[in-house]
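Visitor: I have a model open and would like to learn how to read its helices and empty spaces. Could you walk me through it?

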Amino acid sequence: VLITLLCITLLYSSDVIIAKIFFPLEIVGQYAVISLLGKIIFFVTSPLTKSMFTLVSERHQKKTGSMDLLRKVILLVFGMGLIALIFYYFIPEFIISIVFGTNYLTYSGLLYYSGLSIFFLSLTNIITTYLLSTGNEKKNYFMIPFVILQISLLYFFHDTLYQFISMLILSNVFLFLTMLFILLISIRRNK
């Protein structure tokens, strides 16, 4: 459990720390706003994932099925994330100006991309939580190389904020696809 929580925390927080190394403070401040707003997707959907953990754990102990819960949570998080991404895409300036004011609009066009990165991390969070709640916590060790990958990509590819955020998207998409593959194998073996 600790490894999974540490990996998820590093995946959603290392970007601002690494940005401080490579970008001027003014740009880091602008990026921090975009990053924080993107992370709203994760923090708004996390309670669903935490609730799923409890319910799936109970069902797993009783040896009753939990796939219906997994599907429902994935659909809810997907839907909520998609709605947020639509808003981030079409009205980023409005969102930023309401929450942080007009001084942070310089990189408003990147809000959608920041949200997209976190959207995939939110979906990954569902999978890792499901694996934990069904006694498959060791499969979450596959996340460790992706933490290293993300930090490495951000360290080496940071010419622009767009490139920086693209590396976040890339690492989170690959992590999601890997964890989805692991989940599907786990489900197939348990049938």
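Guide: Happy to! This is a predicted model. Let us begin with helix 6, whose buried residues pack against helix 1, helix 5 and helix 7.

Visitor: Which residues of helix 6 are buried?

Guide: Buried here means under 20% relative accessible area. In helix 6 that holds for Met-143, Phe-146, Val-147, Gln-150, Leu-153 and Leu-154. They share one side of helix 6, because the arc they cover around the axis is only 135 degrees.

Visitor: Which residues are exposed on the other side of helix 6?

Guide: Those are Ile-148 and Phe-156.

Visitor: How far apart are the end C-alpha atoms of helix 6?

Guide: The general idea is to compare the span with a rise of 1.5 Å a residue. Helix 6 runs over residues 143-156, so its 14 residues should span 20 Å, and the end C-alpha atoms are indeed 20 Å apart.

Visitor: Now the empty spaces. How many cavities of 30 Å³ or more does a search of the whole structure find?

Guide: A cavity is a space where a 1.4 Å probe fits but cannot get out. The search finds 1 of 30 Å³ or more, and the volume of the largest cavity is about 50 Å³. Its lining includes Leu-11, Tyr-12, Asp-15, Lys-39 and Asn-172. Helix 1, helix 2, helix 5 and helix 7 each contribute at least two lining residues. By class, the lining has 5 nonpolar, 4 polar and 2 charged residues.

Visitor: And the pockets? Which residues lie nearest the centre of the largest pocket?

Guide: A pocket, by contrast, is an open set of points. The largest pocket holds about 370 Å³ of space. Of its 15 lining residues, His-60, Ser-66, Tyr-130, Thr-134 and Asn-190 lie nearest the centre. Two or more lining residues come from each of helix 2 (25-62) and helix 7 (161-189), and helix 7 gives the most, with 3. The lining divides into 4 nonpolar, 8 polar and 3 charged residues.

Visitor: What does the lining of the second largest pocket have by class?

Guide: There you find 8 nonpolar, 7 polar and 1 charged residues. The second largest pocket has about 320 Å³ of space and is lined by 16 residues, with Leu-5, Thr-49, Lys-50, Asn-125 and Thr-129 nearest its centre. Helix 1 (2-22), helix 2 and helix 5 (111-133) each give two or more residues to this lining. Helix 2 gives the most, with 6 residues.

Key
Residues numbered from 1 in each chain as written. Predicted model: local features only at pLDDT ≥ 70, side-chain atom pairs only at ≥ 80, totals over all residues. Heavy atoms only, no water. 1 Å grid on protein atoms, 1.4 Å probe; cavity = no way out; pocket = protein on both sides within 12 Å on 5 of 7 lines; lining within 4 Å. Points joined across faces, edges and corners; volume = space filled by probe spheres on them. Helix = DSSP H or I, 4+ residues; strand = E, 2+ residues; numbered from the N terminus. Nonpolar A, V, L, I, M, F, W, Y, C, P; charged D, E, K, R; others polar. Expected span 1.5 Å × (residues − 1). Buried < 20%, exposed > 50% of the residue type's maximum accessible area, 1.4 Å probe, protein only. Arc of directions from axis to C-beta. Contact = heavy atoms within 4.5 Å.
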